[in-house]
Amino acid sequence: MTQKRTSKSRYKRITCEGYCTFEDYIAEWLIVRWTDEFKMDKPPNEFWKIPGKYQEMYQRNMKAAKSLKKKYDPLVICAAIKSEYFNKIYHIGLKCYGPRGWKYNPLAIEAIKRYDKEYKQLLKAAKQKDKPVEQKETKPLHSRKQTYSNNKTSINKLRDL
C-alpha cells in the first residue's frame, strides 16, 4: 500500500487510506461488495494482511484480476464488474485444488466478455457517427433480356453425335 499516488498505484483504497494497484482495487471492491450483500462482518482495515477467510478470497480475486488485465483493458474490467452483468457475481477467482490454487469464475469471465463486446460495438458506432458518410456513385442497373436462339452451340452439336 502506498500513501501517495503513482503511475502504478492510482486507485484509491476503499477500506483504508492510500492508493493501490488495479488488481488490489478490484479484489478489495469485490470483497466489500460480497460482505455487504450477504450481511457479513465488515472487513477490518488492511484485511488482506490478516490470515482468514477475507485474505484467501482477496488473494484469489487479486490473482484473477492480474491475469485478466493481460487480456482486457483495466477500464473494461472495472466497468464490467460495476455493471448489471455482475449483479449476482461476487468473485472472479474461485478456490481450486490444483497447482495454482485458484481458477477463473466462468460466469465472471462470460460477463466480462459480453461487456467487452458491447463496449467495442459502442466505440465502433461512435467512430462511424463521427465519420462522414461517403456515398458511392451507382450506375443504373439494366436487366438482361432473355433471348432464345435456334443456333446450336458446339457443345450441343457434340452431344448430338
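**Reading a predicted helical model: burial, cores and salt bridges**

Biologist: How many of the 16 residues of α1 are buried?

Modeller: 13 of the 16 are buried, so α1 is largely enclosed by the rest of the structure. Please keep in mind that this is a predicted model.

Biologist: How far apart are the end C-alpha atoms of α1, and what span should its residues give?

Modeller: With 1.5 Å for each residue, the 16 residues of α1 should span 22 Å; the end C-alpha atoms lie 22 Å apart, which agrees. After α1 comes Lys39, with a positive phi near 50°.

Biologist: Where does α1 stand in the order of helices and strands along the protein chain?

Modeller: The chain holds five helices and four strands. Their order along the sequence is β-β-α-α-α-β-β-α-α, and α1 covers residues 22–37.

Biologist: How should one read the nonpolar core, and which residues have the most contacts inside it?

Modeller: The general idea is that nonpolar side chains tend to be buried together in soluble globular proteins. Here the largest nonpolar core has 23 residues, and those with the most contacts inside it are Ile26, Leu68, Ile77, Ile81, Phe86, Ile92 and Ile112. At least two residues of this core come from each of α1, α2 (53–71), α3 (74–81) and α4 (106–130). Another core, of 10 residues, lies apart from it and includes Ala27, Ile31, Trp34 and Met57.

Biologist: Which residues does Leu68 touch, leaving aside those up to four places away in sequence?

Modeller: With those left aside, Leu68 touches Ile77, Ile92, Tyr104, Ile109 and Ile112. For the protein chain, residues 24 or more positions apart account for 50% of the contacts with a separation of 6 or more.

Biologist: How many salt bridges does a search of the whole structure find?

Modeller: The general idea is that side chains of opposite charge can pair when their charged atoms come close. The search finds seven salt bridges. One of them joins the side chains of Arg13 and Glu28, at 2.9 Å from N to O. Arg13 lies in the loop between β1 (11–12) and β2 (19–20), and Glu28 in helix α1, so the pair ties together parts that are 15 residues apart in sequence.

Biologist: Are the partners Arg13 and Glu28 buried or exposed?

Modeller: Buried means under 20% relative accessible area. Arg13 has 6% and is therefore buried, and Glu28, at 0%, also counts as buried.

Biologist: Which parts of the chain does the pair of Lys69 and Glu23 link?

Modeller: The closest N and O atoms of this salt bridge are 3.4 Å apart. Lys69 is in helix α2 and Glu23 in helix α1, so distant parts of the chain, 46 residues apart, are linked. Lys69 is partly exposed, with a relative accessible area of 36%, whereas Glu23 counts as buried at 11%.

Biologist: How should one read a salt bridge within a helix, and how many residues apart are Glu110 and Arg114?

Modeller: An α-helix has 3.6 residues a turn, so residues three or four places apart point the same way. Glu110 and Arg114 are four residues apart in helix α4, and therefore about one helical turn separates them. Their side chains meet in a salt bridge of 3.5 Å, N to O. Glu110 counts as partly exposed at 38% relative accessibility, and Arg114 is partly exposed at 49%. Elsewhere, salt bridges that share partners join Arg13, Asp24 and Glu28 into one network.

Definitions and conventions:
Residues numbered from 1 in each chain as written. Predicted model: local features only at pLDDT ≥ 70, side-chain atom pairs only at ≥ 80, totals over all residues. Heavy atoms only, no water. Core = buried A, V, L, I, M, F, W, Y, C linked by side-chain atoms within 4.5 Å. Buried < 20%, exposed > 50% of the residue type's maximum accessible area, 1.4 Å probe, protein only. Contact = heavy atoms within 4.5 Å. Expected span 1.5 Å × (residues − 1). Salt bridge = Lys/Arg side-chain N within 4 Å of Asp/Glu carboxyl O.
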